[in-house]
Amino acid sequence: MNIFSISVFLILTVCIILGEVWLADNPGEVTVYWRGYRIDTSVAIILHVVAFLIAVVALAYRFWSALRRAPQQIRLRRQLRRERRGYDALSQGLIAAAAGDSTGALRQAKKAGVLLSSPPIAKLLTAQAAELTGDKNVAREHYQALADDPQTALLGIRGLLEQARNAGNSEEALRLADEAYRLRPDAEGLLEQRLELQIEGNYWEDAEATVQEAVNRKEMDAEDGAKRRAVMMFEQARLAMLSQENERALSLLQTATKLHPQFIAGQMKLAEQLGAINKARRASRIIEKCWATTPHPNLAAVYRALEPELDALAQVKRFESLFECNPGHVESHLALAEAALAAELWGQARTHLVKVSESRITPRLCRLMATLEEAQCQDRDKAQHWLAQTAMAEPDMAWLCRSCGAESETWQVRCSNCGFFNGIFWGKPPKVARLSRNGSDHLIQDLPG
Ligand SMILES: [Zn+2]
């Protein structure tokens, strides 16, 4: 009771006492004639009788309305009890699912579904518990029910999407990801999931648009986005080249190399494409520019192939210009040595190979030295000596997959061994040497740092 109620109660009590006192002082007289009877009484008695009758009627009315509301109250109480049991089952089901008890989770989910008239959370729990027990059909049925309800559509679609991905159905997964994206483009992780599926399905143009969207939404760093788009354009250009769409391939490669100028495979492909449409000089300039910063054996090979009609001596002249773009680099020496070997300029080839051998001995150098010894001096012993060294030499740099470590001949958008996207890099492969210890063979692997 608060102060206000106490005050009202006190005021009312005082009023009643004052009223009773006043009535006692002024009792008055009332005479009633009714059907031959005469009743003589006071005004106070009449007032008390009236007050008593009002109280009786009020009590009777309250009793009657309580009686009238009783069935509804009983129904409400029963419903509340049922809901409490439903939510208890739901929480027990969630605990069971989290603990990996799929049977318990499914039992509680069914119970919650019945008690709570299948609210979305019970459907979701049933679907997830069914997934745990491996009952894909029940899970799909419940995800579908969630997907059909506009309020829980996203939840259901994402459940179906996960199912499709786990079943390896990328096309269906992508369709569902697009549907989910239309519903809620800002849903957590959806853009990334969609991008993965687009890449998986080789939908490069769509993937490019998704990357741009991620950059616009600040979910991806702009530089990272540009690099990814360049890689996607490279793949589109490669496919365009296969179907003789030369102009399209060229335009894609030009944009890709503008987006990511350090993308050596892109620059290489651009030079190759320019060479294919008789623009060898422009292609050579691109390679020379790249050579100044990142000399690479694949670049040298493209450079050589740009003017195939030239004789070996003319090629040496070209490679001398390339050498001048980055004179101190090992790759410059190796590229010029190879050109000199082809032109039978033994002295020039030897000068450059010796220069390389001062810094490191690799299988590639060993093979070139062996060729030189055999071609210049017909010295088979020396050639054999160089070839024998290849096994122990420091490995040549190669295109490696950062996911599975497999080596590939050229840069590719996807690893041909494990399919990993954009994971091929130019690096030093692990050195594997076979040593004999206590009569048994051991493989010693030296992983690059
Ligand atoms: Zn791989």
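## A tour from strand S3 outwards

Select strand S3 first: Ala398 and Leu400 point one way from S3, Trp399 and Cys401 point the other way, and all are buried, where buried means under 20% relative accessible area, exposed over 50%, and partly exposed in between, with a 1.4 Å probe and protein chains only. In a regular strand the side chains alternate between the two faces of the sheet. What is on display is a predicted model, in which local features need pLDDT of at least 70 and side-chain atom pairs count only at pLDDT 80 or more, while totals for chains, interfaces and linings use all residues. Residues are numbered from 1 along each chain as its sequence is written, and side-chain values use heavy atoms, with hydrogens and water left out.

**The sheet around S3**

Extend the selection to the partners of S3, and an open sheet of 3 strands appears in the order S4-S3-S5, with antiparallel pairing; two strands pair if DSSP finds at least two bridges between them. Strand S4 (407-408) and strand S5 (424-427) are the edge strands, each pairing on one side only. Helices (H or I, at least four residues) and strands (E, at least two) are DSSP runs, numbered from the N terminus.

On the S5 side, 4 bridges join S3 (residues 398-401) to its antiparallel partner S5. Here alanine 398 has glycine 427 of S5 as its bridge partner, and cysteine 401 stands opposite isoleucine 424. On the S4 side, S3 and S4 pair in the antiparallel sense over 2 bridges, and leucine 400 stands opposite glutamate 407. The hairpin of S3 and S4 has 5 residues between the strands, and in it glycine 405 takes a positive phi near 85 degrees.

**Histidine 296 and helix H14**

Next select histidine 296, in the loop between helix H13 (280-293) and helix H14 (297-306). With a relative accessible area of 3%, histidine 296 is buried. Which residues is histidine 296 in contact with, leaving aside its neighbours within four places in sequence? They are Met268, Trp291, Glu331, Trp399 and Trp426, contact meaning heavy atoms within 4.5 Å.

Moving on to H14, one finds a helix that is mostly covered, since 7 of its 10 residues are buried. These buried residues are Pro297, Asn298, Leu299, Ala300, Val302, Tyr303 and Leu306.

**Helix H8 and its two neighbours**

Two packed helices are described by the angle between their axes and the distance between the axes. Select helix H7 (residues 170-183) with helix H8 (residues 190-200): their axes come within 9 Å and cross at roughly 145 degrees. Axes are lines fitted to C-alpha atoms, for helices over the stretch in contact, and angles run from 0 to 180 degrees between N-to-C directions. The crossing of H7 and H8 is left-handed, a term for a near helix turned anticlockwise from the far one by less than a right angle, right-handed being the clockwise case. To display the contact, pick Ser170, Ala173, Leu174, Ala177, Asp178, Ala180 and Tyr181 in H7, which meet Leu190, Leu191, Arg194, Leu197, Gln198 and Glu200 in H8. The residues of this contact divide into 8 nonpolar, 2 polar and 3 charged, with Ala, Val, Leu, Ile, Met, Phe, Trp, Tyr, Cys and Pro counted as nonpolar, Asp, Glu, Lys and Arg as charged, and the others, Gly among them, as polar.

Now replace H7 with helix H6 (residues 153-166), whose axis comes within 13 Å of that of H8 and crosses it at roughly 30 degrees. H6 also passes H8 in a left-handed crossing. Arg158, Leu161, Glu162 and Arg165 of H6 make the contact with Leu190, Gln193, Glu196, Leu197 and Glu200 of H8, and by class it has 3 nonpolar, 1 polar and 5 charged residues.

**Two loop residues with positive phi**

Lysine 218 is found in the loop between helix H9 (204-216) and helix H10 (222-242). Its phi is near 65 degrees, a positive value in a residue other than glycine, and at 74% relative accessibility lysine 218 counts as exposed. Then select glutamine 244, in the loop between H10 and helix H11 (246-259); glutamine 244 has a positive phi of about 60 degrees although it is not a glycine, and at 61% relative accessibility it counts as exposed.

**The whole chain**

Finally, zoom out to the protein chain, whose secondary structure comes to 19 helices and 7 strands. Along its principal axes the C-alpha trace spans about 160 × 55 × 45 Å. Buried residues make up 37% of the 449 residues in the protein chain.
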